[in-house]
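Please open the model in a viewer and keep the selection tool at hand. The tour proceeds by steps, each naming what to select and what is found there.

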Number of protein chains: 2
Amino acid sequence: MAQLSLRVDLGEAGRLGPGKIALLEAVREKGSISAAGRVFGMSYRRAWMLIEAVNTIFAEPLVTTQTGGRHGGGATLTALGETVVAHFRAIEAAAESAAAGHLDALQTALKPSAAENVQPPV
Amino acid sequence: MAQLSLRVDLGEAGRLGPGKIALLEAVREKGSISAAGRVFGMSYRRAWMLIEAVNTIFAEPLVTTQTGGRHGGGATLTALGETVVAHFRAIEAAAESAAAGHLDALQTALKPSAAENVQPPV
């Protein structure tokens, strides 16, 4: 099934895509940046840098950290973090729904061998 | 202004994004693969490979070439090519329109310095 993959271009502030949003959701679920990074096989440093990148472009941080050592403290998605995640997921849902007819049409135009799912032999 | 950038994931057939679509539109406008590639600073080989990639996943080719030598013959966007381009552009328009309110909300949540356009000094 044809599906949309989308990013939001925020001009000089950069881009917001499904990777950063999923990381923010993992912070909410795991309560720590290192644990959230591990969900995606990402180093603490890489996860921290991605979160720092989004923290600095919005009016307030999307993630706050508590003291307790570099890896020991927890991390929380802020109210603005929740709002940004919700808007991004709403953009995805609205876009997918609005484009559904055209996505079906593209799927139908594919070569049958490319469009069908591979079935295991019986 | 926050804007969407989207790709269509076609499963095993790959992905269709704004780069390939713009190249197809350039083929329509320029009537040749090499001239279309030059619009994007792309080698003939690179442009040809991208077009070959989309040609092979759809039920019929999106671009056909005429004889006249490797670089000498013309290239035409087929009816299916026109249809695929039109669906992609319609997906973009429908998605942007459906998501407009959420895109505005993300833009508003940006840090003012990140959101404003840099103005040249008077």
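Two strands count as paired when DSSP finds at least two bridges between them. The model under view is predicted, and the tour begins with its strands.

**Step 1: the sheet.** Select strands 1 and 2 of chain A and of chain B. Together they make an open sheet of four strands in the order 2(A)-1(A)-1(B)-2(B), and the pairing is antiparallel. Strand 2 (15–16) of chain A and strand 2 of chain B stand at the edges; each has a single partner strand, so one side of each is left without a neighbour in the sheet. Strands of a sheet pair through backbone hydrogen bonds, in either a parallel or an antiparallel manner.

**Step 2: where the two chains pair.** Now restrict the selection to strand 1 of each chain. Strand 1 (residues 3–9) of chain A and strand 1 of chain B run antiparallel and are joined over seven bridges. Three residues of chain A may be picked in turn. A:Leu4 stands opposite B:Val8, A:Ser5 has B:Arg7 as its bridge partner, and A:Val8 stands opposite B:Leu4.

**Step 3: the hairpin of chain B.** Select strand 1 and strand 2 of chain B. Two bridges join these antiparallel strands, and B:Asp9 has B:Arg15 as its bridge partner. Five residues lie between the strands of this hairpin, in which B:Gly11 takes a positive phi near 65°.

**Step 4: the hairpin of chain A.** Move to strand 1 and strand 2 of chain A, which run antiparallel and are joined by two bridges. Here A:Asp9 stands opposite A:Arg15. The hairpin has five residues between its strands, and A:Gly11 takes a positive phi near 65°.

**Step 5: a helix across the sheet.** Add helix 4 of chain B to the selection. This helix lies across strand 1 of chain A together with strand 1 and strand 2 of chain B, and it runs at about 135° to strand 1 of chain B.

**Step 6: the whole interface.** Select the residues at which the chains touch. The contact takes 38 residues from chain A and 38 residues from chain B. The size of an interface is often given as the accessible area lost when the parts come together. Between chain B and chain A, the buried area is about 3300 Å², and carbon and sulfur atoms give 66% of that area. The rule finds 14 residue pairs in polar contact across this interface. Which elements give two or more residues to the side of chain B that touches chain A? They are strand 1 (3–9), strand 2 (15–16), helix 3 (44–57), helix 4 (79–98) and helix 5 (100–109) of chain B. Helix 4 of chain B gives the largest share of that side, eight residues. The residues on that side of chain B comprise 26 nonpolar, six polar and six charged.

**Step 7: salt bridges.** How many salt bridges does the rule find across the interface of chain B and chain A? The rule finds zero there, whereas a search of the whole structure finds six over all chains. To view one of these, select A:Glu25 and A:Arg89, which form a salt bridge with their closest N and O atoms 2.8 Å apart. The pair links distant parts of the chain, 64 residues apart: A:Glu25 lies in helix 1 (residues 18–30) of chain A, and A:Arg89 lies in helix 4 (residues 79–109) of chain A.

Methods:
Residues numbered from 1 in each chain as written. Chains lettered and ligands numbered in written order. Predicted model: local features only at pLDDT ≥ 70, side-chain atom pairs only at ≥ 80, totals over all residues. Heavy atoms only, no water. Contact = heavy atoms within 4.5 Å. Buried area = accessible area lost by both parts, 1.4 Å probe. Salt bridge = Lys/Arg side-chain N within 4 Å of Asp/Glu carboxyl O. Polar contact = N/O pair within 3.5 Å; in protein donor to acceptor, adjacent residues only side chain to side chain. Nonpolar A, V, L, I, M, F, W, Y, C, P; charged D, E, K, R; others polar. Axes fitted to C-alpha atoms, helices over the stretch in contact; angles between N-to-C directions.
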